[in-house]
Amino acid sequence: MGELVYQLKYKQDISVLPQIMALLKSDQEFVDFIKKDFVILVPATRKNRQFQPVEVVADLLHENGFKNIYAFALTRTKNSD
């Protein structure tokens with residue numbers, strides 16, 4: 001998983017998304033957690049990427065039936081260095 005996330009985040013390689021999804025779906029602990037709880041994403045600190053990896057993975061989870069993902073519930077009020 002670590003290498004896949006690295007490829008997505010730093011190499012902007014979206015071709016790894018199906019592999020990331022397969023790994024997440026194969027982890028029963030993750031599946032149980034995400035079905036009964038919810039995830040609120042923290043806004044990204046760096047906006048100069050072509051896409052934000054966390055948002056892309058959240059969208060993928062939502063598209064695959066995990067509906068308890070809240071991507072825009074929080075907003076950044078100041079930039080961090």
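Biologist: Which residue with positive phi follows H4?

Modeller: This is a predicted model. In it, H4 spans residues 53-63. The residue that follows H4 has a phi near 95°, and that residue is Gly65.

Biologist: What is the phi of Gln12, and where is Gln12 placed?

Modeller: Gln12 sits in the loop between H1 and H2. Its relative accessibility is 21%, and the buried class ends at 20%, so Gln12 counts as partly exposed. Gln12 is not a glycine, yet its phi is positive, near 55°.

Biologist: How many helices and strands does the protein chain have, and in what pattern?

Modeller: The protein chain has 4 helices and 2 strands. Strand E1 covers 39-40, and strand E2 covers 69-70. Along the sequence the pattern reads α-α-α-β-α-β.

Biologist: Which residues of H3 are buried, and why do they line one face of the helix?

Modeller: Helix H3 runs over residues 28-36, and its buried residues are Phe30, Val31 and Ile34. Viewed down the axis of H3, these buried residues fall within an arc, so they line one face of the helix. Glu29 and Lys36, on the other side of H3, are exposed. The arc is 100°.

Biologist: What covers the buried residues of H3?

Modeller: The residues to be covered are Phe30, Val31 and Ile34. Their cover includes both helices and strands: H2 (17-26), E1, H4 and E2.

Biologist: Which residues of H4 are buried, and what do they pack against?

Modeller: The buried residues of H4 are Pro53, Val56, Val57, Ala58, Leu60 and Leu61. Asp59 also lies in H4, but at 43% relative accessibility Asp59 counts as partly exposed. The partners of the buried residues of H4 are H1, H2, H3 and E2.

Biologist: How far apart are the C-alpha atoms of Asp59 and Tyr70?

Modeller: Asp59 belongs to helix H4. Along the chain, Asp59 and Tyr70 are 11 residues apart. In space, their C-alpha atoms are separated by 9.6 Å.

Biologist: Arg49 is buried; which side chain of opposite charge is nearest, and how far away is that side chain?

Modeller: Arg49 is placed in the loop between E1 and H4. A salt bridge needs a nitrogen-oxygen distance within 4 Å, and Arg49 has no salt bridge. The nearest side chain of opposite charge is Glu55, at 9.7 Å.

Biologist: Which residues does Arg49 contact, leaving aside neighbours within four places in sequence?

Modeller: Helix H1 covers 2-11, and Gln12 is in the loop between H1 and H2. Arg49 itself is in the loop between E1 and H4. The contacts of Arg49, with neighbours within four places in sequence left aside, are Lys9, Tyr10 and Gln12.

Biologist: Is Gln50 buried or exposed, and how far is its C-alpha from that of Gln12?

Modeller: Gln50 is found in the loop between E1 and H4. At 71% relative accessibility, Gln50 counts as exposed. Gln50 and Gln12 are 38 residues apart in sequence, and their C-alpha to C-alpha distance is 7.5 Å.

Biologist: Which residues make the nonpolar surface patch, and what is its area?

Modeller: Met1 lies in the segment before helix H1. With 41% relative accessibility, Met1 counts as partly exposed. Met1 makes the patch together with Val5 and Leu23, and the area is about 230 Å².

Biologist: What area does the protein chain expose, and what share of that area do carbon and sulfur atoms supply?

Modeller: The protein chain has 81 residues, of which 30% count as buried. The exposed area is about 6000 Å². The share from carbon and sulfur atoms is 54%.

Biologist: Among contacts between residues at least 6 apart in sequence, what share join residues at least 24 apart?

Modeller: The contact between Arg49 and Lys9 is one example of a link between separate parts of the sequence. For the protein chain, the share of contacts joining residues at least 24 apart, among those at least 6 apart, is 64%.

Technical notes: Residues are numbered from 1 along each chain as its sequence is written. This is a predicted model: local features need pLDDT of at least 70, side-chain atom pairs count only at pLDDT 80 or more; totals for chains, interfaces and linings use all residues. Side-chain values use heavy atoms; hydrogens and water are left out. Buried means under 20% relative accessible area, exposed over 50%, partly exposed in between (1.4 Å probe, protein chains only). Lys and Arg count as positive and Asp and Glu as negative; His and the chain ends are not counted. Contact means heavy atoms within 4.5 Å. Accessible areas come from the Shrake-Rupley method with a 1.4 Å probe; for residues, only the protein chains shown count as cover. Patches are made of residues with over 30% relative accessible area and no salt bridge: like charges are joined within 9 Å, nonpolar side chains (Val, Leu, Ile, Met, Phe, Trp, Tyr) within 5 Å. The arc is that of the directions from the helix axis to the C-beta atoms.
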